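Hi everyone, thanks for coming. Have a look at the model on the screen, and I'll talk you through a few spots in it.

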Amino acid sequence: MSTSISSQPPKVTAPKGGASKGNGPGRPKDLGKRAAILQAAKSLFVEQGYAGVSMDGIAALAGVSKLTVYSHFGDKEALFSEAIRAQCQEMMPDDLFEHAPEGPLRQQLIGIGEAFFAMISSDAAIATHRMMLAPGTGDDHVREMFWTAGPMRIQQSLADFLAARVAAGELAVPDLRLAASQFFCLLKGELHPMLMCGLAGTPSTADVRRHVEASVDFFLRAYAPR
């Protein structure tokens, strides 16, 4: 799947009054309303699936007009993509993937691994993945939007992070995208499929830490410079 869905709203600059002015014509964008719309969208897409959610329903839950929803996000596809992107960004912010090789590599990978596992094992993520796998969720285009806005963005961020470490001589990685995919697959391990199937309770902090550290050490051994 390679088609990208552009979900970024126009860049805004917040004035003193609390609202923000867009780069183009039109009324200033209210960041508080934008946040409320995103929160409503995240909740409804998880509960009702993509096909079951309407812009009217999102507007009602957010306490704004449907026109305001369209003003901020353009259409339902853009709002869905942005809701997924925002959820991932909230739990795995960009500063986790600092490209400059600062600090011990193992500790940075553990930090990324713990954030990733916390995200994929959250109630919202489990519900979203089940929704995407359920019959009637929508066509492949919906799943492609989900993949582009969430997993693909995170995988590319890790690939960029690994590239900096390869340049510094700390890793030998012939295929960065493959290595990034392998890293996240290691982190999912057996625990994540069991959570998806409802066969595992909430793992303890110690269990997660042990699992993440073992996955990181395995990954580092595989890509250590020869």
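**Cysteines, rings and helices**

Let's start with Cys197, which counts as exposed because its relative accessibility is 56%. For the vocabulary: buried means under 20% relative accessible area, exposed means over 50%, and partly exposed is in between, using a 1.4 Å probe and protein chains only. Cys88, on the other hand, is buried, with a relative accessible area of 10%. And how many disulfides does a search of the whole structure find? Zero, where a disulfide would be a pair of cysteine sulfur atoms within 2.5 Å.

Quick note on where this comes from: it's a predicted model, where local features need pLDDT of at least 70, side-chain atom pairs count only at pLDDT 80 or more, and totals for chains, interfaces and linings use all residues. Residues are numbered from 1 along each chain as its sequence is written, and side-chain values use heavy atoms, leaving out hydrogens and water.

Okay, rings. The structure has seven aromatic pairs. Rings of Phe, Tyr and Trp (for Trp, its six-membered ring) pair if their centres lie within 6.5 Å; planes under 30 degrees apart are stacked, over 60 edge-to-face, and the rest tilted. One of the pairs is Phe45 with Tyr50, which is stacked, at 5.9 Å centre to centre and 10° between the planes. Phe45 is buried at 3% relative accessible area, and Tyr50 is buried too, at 12%. Then take Phe219 and Tyr223: their ring centres are 5.2 Å apart and the planes sit at 55°, so that pair is tilted. Those two also belong to one aromatic cluster with Phe116, Phe183 and Phe184.

Back to Tyr50 for a second: Lys76 lies over the face of that ring, 4.4 Å from its centre. To count, NZ of Lys or CZ of Arg has to be within 6 Å of the ring centre and within 35 degrees of the ring normal.

Last stop, helices, which are DSSP runs of H or I with at least four residues, numbered from the N terminus. How do helix 1 (residues 31-52) and helix 3 (residues 66-73) cross? Their axes come within 10 Å and cross at roughly 95°; the axes are lines fitted to C-alpha atoms over the stretch in contact, with angles from 0 to 180 degrees between N-to-C directions. Helix 1 and helix 3 are therefore roughly perpendicular, a label for 65 to 115 degrees (under 35 is roughly parallel, over 145 roughly antiparallel, the rest oblique).

Conventions. Helix = DSSP H or I, 4+ residues; strand = E, 2+ residues; numbered from the N terminus.
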